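Hi,

Here is the structure I promised to pass on. Have a look at it first, and my notes on the charged side chains follow below.

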Amino acid sequence: MTGNDNSNPKALFRLIGLATVIVFLIINNEKITSHNHPNNRRTSVDMGNGNCKWTPPNLDVEGKTFFKTVIAGFPSGDKRLTFAQLEALTESPAKDEWDFKFLGMSNHPFIKANYPHHEGIWGWEDAGDQVIMVVRNIKRTMVEYHDILWDIGYAKTWEEAFALVPNLYRERPPLEDFLAWRDERVFDEIDWYGWFIDYYME
């Protein structure tokens, strides 16, 4: 190493890990979307000419064997997009970490999680076999995180939040509400964002 070498081994390992995940996703995406793939399944009905009809995942998961996946991310809407795509590809449903804790354990193959963030909880016990970590630009993530908090009235308990789930994604909060929250919380949230990434990468 030279005197000008500012390399950080931890950052290098994170970069290698991220590159590995991206390559894995690209390879698996090609396998899943290939029409010659022997396990090609469709959750949408092909209507021809590029049109399709969406069909929901099969909610009957009990008694089946799954290699279960935790879809982990900082609180925002990113995990929802990921599990919606996984549901469409596999015809299997996702369940939130809090629902495992408060509604009971079940055999859902996809577990949506904010853990270790304080908005999350390790509700799935030992059910997860692997993790997909969803990482997005921190600026956009913070805006979406606040949007969700605003939608559920800044709920402090699962019961309060669950009762307000129908409010999600219906309105945008006033800019002044976001700015007040941002000014109060942004530096703590940035620390938690880094901690979330460290937790799953180590």
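One cut-off before the details: a residue is called buried when its relative accessible area is under 20%, exposed when that value is over 50%, and partly exposed in between. Asp 147 has 13% relative accessibility, so it falls on the buried side. Please keep in mind that this is a predicted model.

I went through the whole structure for salt bridges, and the search came back with seven. Here are three of them, plus a network.

Let me start with Asp 147, since I already brought it up. Asp 147 sits in helix 4, and its side chain meets that of Arg 172 in a salt bridge, at 3.8 Å from N to O. This pair links distant parts of the chain: the two residues are 25 apart, with Asp 147 in helix 4 and Arg 172 in the loop between helix 5 (158-163) and helix 6 (175-201). The two ends also sit in opposite classes: Asp 147 is buried at 13%, whereas Arg 172 counts as exposed because its relative accessibility is 60%. If you leave out residues up to four places away in sequence, Asp 147 touches Arg 172 and Pro 173.

Next, a pair within one helix. Glu 144 and Arg 140 are both in helix 4 (residues 138-151), four residues apart, which is about one turn of the helix. They form a salt bridge, and their closest N and O atoms are 3.5 Å apart. Is Glu 144 buried or exposed? Its relative accessibility is 17%, so Glu 144 counts as buried. Arg 140, at 31%, is partly exposed.

The third pair is Asp 183 with Arg 182, whose side chains come together in a salt bridge at 2.9 Å, N to O. Here Asp 183 has 53% relative accessibility and therefore counts as exposed, while Arg 182 is partly exposed at 33%.

Now the network. Which residues are joined into one network by salt bridges that share partners? They are Asp 78, Arg 136, Arg 140 and Glu 144. That puts the Glu 144 and Arg 140 salt bridge from above in a wider setting, as both residues belong to this network.

If you open the model, I'd begin at helix 4, where you will find Asp 147 along with Glu 144 and Arg 140.

Cheers

Key
Residues are numbered from 1 along each chain as its sequence is written. This is a predicted model: local features need pLDDT of at least 70, side-chain atom pairs count only at pLDDT 80 or more; totals for chains, interfaces and linings use all residues. Side-chain values use heavy atoms; hydrogens and water are left out. A salt bridge is a side-chain nitrogen of Lys or Arg within 4 Å of a carboxyl oxygen of Asp or Glu. Buried means under 20% relative accessible area, exposed over 50%, partly exposed in between (1.4 Å probe, protein chains only). Contact means heavy atoms within 4.5 Å.
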